[in-house]
Amino acid sequence: MGTGFIWSQCTSPSTRNNQSFDTAITSEDIQAHIDFLASDSLQGREAGTAYEAIAADYIIQAFESYGLTPKGDDNTFLQAFSINTARLNNPHASDDAEGERRTAQNVVAWLEGSSGGDEFIIIGAHYDHLGYGEFGSLYRGDTPRIHNGADDNASGTTGLLELAHYFSNQPPKDNLLFLAFSGEEMGLLGSAHFVEEPTVDLSNAKAMINMDMIGRLTNDKLLIFGVGTTPKWPELAEAINTDSLDLDLVDDGTGASDHTSFYYKNIPVLHYFTDTHSDYHRPSDDAEYIEEEGQALVVSHVARMIDALGDLSKVD
């Protein structure tokens with residue numbers, strides 16, 4: 001790839017919905033966010049449904065309370081895109097094929113960095129899941145069941161919220177663009193739309209960090225994909241590993257998550273991932289199985305990576 005980095009050498013709690021959240025990255029906050037996002041009341045957060053909208057509103061309320069700026073359509077936090085379910089049933093169908101039409105929403109927010117520069121880091125996670133499993137479920141039971149998607153990806157969405165809150169209290173050098181994608185479970189639809197219709201100038205994007213399924217840390221093993229997309233990633237990942245996690249660094253910058261959309265726009269990417277498990281894409285992916293303390297370690301590693309990137313400069 002032609003994109004890389006060089007060295008340039010260049011807490012009080014808040015409340016929302018009667019829930020107290022600390023600016024530090026804590027297992028208690030992680031549990032509270034996931035308990036809501038992965039609750040039965042959200043019925044699996046399927047893209048283009050009223051339950052996706054409830055989750056989006058929760059994310060927006062958090063961003064607003066942290067003082068983030070909207071960067072979606074028309075000076076809002078939302079970026080709309082369309083879904084044609086005919087293409088989900090038949091990937092070879094054209095976009096004008098007859099099927100249910102839905103409107104889904106990405107959530108987009110901005111946090112100004114301390115350096116005053118134009119470059120920014122994209123922090124992303126998808127917040128949609130499978131609803132009752134009509135599209136993409138591995139469940140083979142006869143009775144439809146809610147797929148709450150606690151690890152996939154209430155965990156990554158929670159990481160997004162924790163980082164937004166943390167950095168709102170102590171801004172990094174770089175500007176931060178926070179992106180909560182919808183439509184990931186239907187084929188990376190939200191991130192694909194964003195890179196084709198960006199609400200910011202992507203030529204100033206220094207890197208994209210994606211969190212997808214970060215809630216099941218086992219034996220301290222953390223997978224980080226995309227370290228081959230710029231030469232400095234492996235060195236940085238190890239240098240900031242102050243919690244002595246067992247890092248499994250994988251070069252590949254593509255995969256079945258939203259960082260792939262940015263990789264194909266020549267933006268260096270990372271995908272944080274605590275590995276798959278037997279509850280993946282099944283109704284049993286529930287909040288009770290999340291390792292909150294382990295997830296706090298993962299999100300803290302991401303936070304240190306963001307701070308470390310402030311000492312790097314993008315090479316065009």
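**Reasoning from values to words**

Colleague: How do you know that the span of helix α4 (residues 150-169) agrees with what is expected of its 20 residues?

Modeller: At 1.5 Å a residue, the 20 residues should span 28 Å, and the end C-alpha atoms of α4 are 27 Å apart, so the two values agree. Please bear in mind that this is a predicted model.

Colleague: What makes you describe α4 as largely enclosed by the rest of the structure?

Modeller: A residue is called buried when its relative accessible area is under 20%. In α4, 17 of the 20 residues are buried, and the helix is therefore largely enclosed.

Colleague: How does helix α8 (residues 292-309) compare with its expected span?

Modeller: Helix α8 has 18 residues and reaches 26 Å from its first C-alpha to its last, which is close to the 26 Å expected at 1.5 Å a residue. Helix α8 is also mostly covered, with 14 of its 18 residues buried.

Colleague: At what angle do helix α1 (residues 27-37) and α8 pack?

Modeller: The angle is about 105°, and the two axes lie 8 Å apart. Angles of 65 to 115 degrees count as roughly perpendicular, so α1 is roughly perpendicular to α8. On the side of α1, the contact is made by Ser-27, Ile-30, Gln-31 and Ile-34, while α8 contributes Glu-292, Glu-293, Gln-295 and Ala-296. By class, this contact has three nonpolar, three polar and two charged residues.

Colleague: What span does helix α2 (residues 50-65) have, and which of its residues are buried?

Modeller: Helix α2 has 16 residues and reaches 23 Å between its end C-alpha atoms, close to the 22 Å expected at 1.5 Å a residue. The buried residues of α2 are Glu-52, Ala-55, Ala-56, Tyr-58, Ile-59, Ile-60, Ala-62 and Phe-63. After the helix comes Gly-67, which has a positive phi, near 85°.

Colleague: Why is Tyr-51, which is found in α2, called neither buried nor exposed?

Modeller: Buried requires a value under 20% and exposed a value over 50%. Tyr-51 has a relative accessibility of 29%, so Tyr-51 counts as partly exposed. Leaving out residues up to four places away in sequence, Tyr-51 touches Ser-41, Leu-42, Gln-43 and Arg-45.

Colleague: Why is Thr-85, in helix α3 (residues 85-89), called buried?

Modeller: The relative accessible area of Thr-85 is 6%, and the cut-off for buried is under 20%, so the word applies. Beyond its neighbours within four places in sequence, Thr-85 is in contact with Gly-99, Glu-100, Arg-102 and Phe-135.

Colleague: Is Met-213, in the loop between β9 (205-211) and β10 (221-225), buried or exposed?

Modeller: Met-213 has 4% relative accessibility, and therefore counts as buried. Among the residues it touches, not counting those up to four places away in sequence, are Asp-151, Phe-273, Thr-274 and Tyr-280. The C-alpha atoms of Met-213 and Thr-274 are separated by 6.2 Å, although the two residues are 61 residues apart along the chain.

Colleague: What makes you say that both faces of strand β12 (residues 269-273) are covered?

Modeller: In a regular strand the side chains alternate between the two faces of the sheet. On one side of β12 lie Val-269, His-271 and Phe-273, on the other Leu-270 and Tyr-272, and all are buried.

Colleague: Which strands pair with β12, and in which sense?

Modeller: β9 and β12 run parallel and are joined by four bridges, with Ile-209 standing opposite Leu-270. β10 and β12 pair in the antiparallel sense over three bridges, and Leu-223 has Phe-273 as its bridge partner.

Colleague: How do you know that strand β4 (residues 69-70) and strand β6 (residues 101-111) are paired?

Modeller: Pairing needs at least two bridges, and two bridges join β4 to β6, which run antiparallel. One partnership is that of Pro-70 with Ala-109.

Colleague: Over how many bridges does β6 pair with strand β5 (residues 78-84) and with strand β8 (residues 175-181)?

Modeller: With β5 there are seven bridges, in the antiparallel sense, and Gln-79 has Asn-106 as its bridge partner. With β8 there are five, also antiparallel, and Leu-111 is partnered by Leu-176. Strand β6 is mostly covered, as eight of its eleven residues are buried.

Key: Residues are numbered from 1 along each chain as its sequence is written. This is a predicted model: local features need pLDDT of at least 70, side-chain atom pairs count only at pLDDT 80 or more; totals for chains, interfaces and linings use all residues. Side-chain values use heavy atoms; hydrogens and water are left out. The expected span of a helix is 1.5 Å times one less than its number of residues. Buried means under 20% relative accessible area, exposed over 50%, partly exposed in between (1.4 Å probe, protein chains only). Axes are lines fitted to C-alpha atoms, for helices over the stretch in contact, and angles run from 0 to 180 degrees between N-to-C directions. Angles under 35 degrees count as roughly parallel, over 145 as roughly antiparallel, 65 to 115 as roughly perpendicular and the rest as oblique. Contact means heavy atoms within 4.5 Å. Ala, Val, Leu, Ile, Met, Phe, Trp, Tyr, Cys and Pro count as nonpolar, Asp, Glu, Lys and Arg as charged, and the others, Gly among them, as polar.
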